[in-house]
Amino acid sequence: PEYRVAVRGHTGKGDEEQNLILSRERAEVVAKRLIAVYQVDPDRVRSEGFGSSMPPKRRPGEGERAFGYRLPRVEFVLLEGGNM
């Protein structure tokens, strides 16, 4: 099957409008790097920004500071077929 990649940007807490912009930009930079450096077909990469709306699950015993460090991130989601 043909696979595609969704590059999803996330941020920490703060102004949600600005976080959406930042997370989109974060995902776009990573997607552009995949295309430029690793020659990934641009038609197989999609970038998305989620701001702070999808935080990761907190780990057992994880402190506030450690959890906060994990909020700003980029995730790669492998999509099968035409699920773009």
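Reader: In which loop does G14 lie?

Author: This is a predicted model, and G14 is a residue of the protein chain's loop regions. On one side of that loop stands β1 (3-10), and on the other stands α1. G14 therefore lies in the loop between β1 and α1.

Reader: Is G14 buried or exposed?

Author: A residue counts as exposed when its relative accessible area is over 50%. The relative accessibility of G14 is 52%. Because this value is over the cut-off, G14 is classed as exposed.

Reader: How far apart in space are G14 and G51?

Author: Along the sequence, G14 and G51 are separated by 37 residues. In space, the distance is taken from C-alpha to C-alpha. That distance is 9.1 Å.

Reader: In what order do the elements of the protein chain run?

Author: The protein chain holds two helices and three strands. Read from the N terminus on, strands and helices alternate. The order is β-α-β-α-β.

Reader: In which element of the protein chain is confidence highest?

Author: The mean pLDDT of the protein chain is 94, and 95% of its residues reach 70 or more. Among the elements, strand β3 (residues 73-80) has the lowest confidence, with a mean of 95. The highest, at 98, belongs to helix α1 (residues 16-38).

Reader: Which element supplies the largest share of the largest nonpolar core?

Author: In soluble globular proteins, nonpolar side chains tend to be buried together. Here the largest nonpolar core has five residues, namely V7, A27, A31, L34 and V45. Three residues of this core come from one element, and that element is α1.

Reader: Which residues does F76 touch, not counting those up to four places away in sequence?

Author: F76 belongs to strand β3. Its C-alpha atom is 11 Å from that of H10, although the two residues are 66 residues apart along the chain. With residues up to four places away in sequence left out, F76 touches V5, A6, V7, V30 and L34.

Reader: Is L71 buried or exposed?

Author: L71 is located in the loop between α2 (64-70) and β3. A residue counts as buried when its relative accessible area is under 20%. Since the relative accessible area of L71 is 8%, L71 is buried.

Reader: With which residues is L71 in contact, leaving aside its neighbours within four places in sequence?

Author: L71 and Y3 are 68 residues apart along the chain, and their C-alpha atoms are separated by 27 Å. The contacts of L71, with neighbours within four places in sequence set aside, involve other residues. They are H10, T11, G12, K13, P55 and P56.

Reader: What is the phi value of Q39?

Author: Q39 has its place in the loop between α1 and β2 (45-49). Q39 counts as exposed, because its relative accessibility is 62%. Its phi is positive, in a residue other than glycine, and lies near 55°.

Reader: What share of the residues in the protein chain is buried?

Author: The protein chain has 84 residues. Its exposed area is about 5700 Å², of which carbon and sulfur atoms supply 54%. The buried share of the residues is 30%.

Reader: How far apart do the centres of the positive and negative side chains lie?

Author: The protein chain carries 15 positive and 13 negative side chains. Each of the two sets has its own centre. The distance between these centres is 6 Å.

Conventions. Residues numbered from 1 in each chain as written. Predicted model: local features only at pLDDT ≥ 70, side-chain atom pairs only at ≥ 80, totals over all residues. Heavy atoms only, no water. Helix = DSSP H or I, 4+ residues; strand = E, 2+ residues; numbered from the N terminus. Buried < 20%, exposed > 50% of the residue type's maximum accessible area, 1.4 Å probe, protein only. Areas by Shrake-Rupley, 256 points an atom, 1.4 Å probe, with all protein chains shown as cover. Lys, Arg positive; Asp, Glu negative; His and termini not counted. Charge placed at Lys NZ, Arg CZ, Asp CG, Glu CD. pLDDT = per-residue confidence, 0-100. Core = buried A, V, L, I, M, F, W, Y, C linked by side-chain atoms within 4.5 Å. Contact = heavy atoms within 4.5 Å.
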